[in-house]
Structures are given as C-alpha cells and as structure tokens.
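I opened the notebook to see how one helix sits against its surroundings. Here is what I looked up, in order.

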Amino acid sequence: MVSAAPSTIHFHRKHYEAVMSGEKVTTVRWNEDVPVGAAVFVFDEHPAAGPMPGTVIAVHQYRLDILTAEQAHQPPGTDMQLFTKQLREDYYPDMPSDAVVEVAQLAIEASQ
C-alpha cells in the first residue's frame, strides 16, 4: 500500500543517531501496518530531536519464526532467536512466535 499523506513512525530515542547517520535503514514492526511512501520519523522522548521527514522505500512481510538476518537487514551471524527475544522484551510482549512482521526500508529526506 502506498500512502498519500505522510505516515508517522515512532522510534525509541536510542535509535536517533543510527537513523540520522544512515546506519539504521530498516525497522521491524508487528501489527503496525507501515505504508510505503512519505513518512515522519518521531523519536519518542528524545530531548532534542524533532520530527524528521523521511520515506518508507519498501515493506516486506516475513514470518517471525523463520526471519533471517538478511531479511531483517541485520549483520551476518546475528542470533535471530536473541533478536526476536529483544523485539518482544523491548516492544511487542504479546507477539506470537509465528507472527508476520514487516521489515520497512527507510530513508531520511536530505536537508535543504
């Protein structure tokens, strides 16, 4: 689905530097229906970061229990059981093992 109006995507404040530097170019989400298109990235509770214009370039769906590091855009050798455990602990405590997650590819809009 391509959204006409910018969607808002919330991030934990700890991801601000990685998103802004281009190190973090994907996000894995469950039950959030992230649309492709213009977006506003919000870094919750960050003391200095305002909303940032960006783009969701693509969204791919995968079953969590067979999600690979490559599909999640994680470094080769990433322990995906630990990755899944951290997703549950940090963001989605009710996420089942066979959940379908979305891997959204992101880009920050270049400053004018």
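I began with the outward side of α2, where Gln-81 and Glu-89 are exposed; exposed means over 50% relative accessible area, buried under 20%, with partly exposed in between (1.4 Å probe, protein chains only). Helices (H or I, at least four residues) and strands (E, at least two) are DSSP runs, numbered from the N terminus.

A note on the source: this is a predicted model, in which local features need pLDDT of at least 70 and side-chain atom pairs count only at pLDDT 80 or more, while totals for chains, interfaces and linings use all residues. Residues are numbered from 1 along each chain as its sequence is written, and side-chain values use heavy atoms, leaving out hydrogens and water.

Next I turned α2 (residues 80-90) over and found Met-80, Phe-83, Thr-84 and Leu-87 buried. They share one side of α2 because they cover an arc of only 95 degrees around the axis, taken from the directions from the helix axis to the C-beta atoms. β2 (26-29) is part of what covers them.

Then I checked the N-terminal end of α2, which Asp-79 caps: one of its side-chain oxygens lies 3.0 Å from the backbone nitrogen of Gln-81.

Last, I looked up the largest nonpolar core (buried Ala, Val, Leu, Ile, Met, Phe, Trp, Tyr and Cys residues joined through side-chain atoms within 4.5 Å). Of its 14 residues, those touching the most other members are Val-28, Leu-64, Leu-67, Phe-83, Leu-87, Met-95 and Val-101. Both α2 and β5 (100-108) give two or more residues to this core, and α2 gives the most, with 3. I also noted a second, separate core of 13 residues, including Ile-9, Tyr-16, Val-19 and Ala-49.

Note on methods:
Contact means heavy atoms within 4.5 Å. A polar contact is a pair of N or O atoms within 3.5 Å; within protein, one must be able to donate a hydrogen and the other to accept it, and residues adjacent in sequence count only if both atoms are side-chain atoms.
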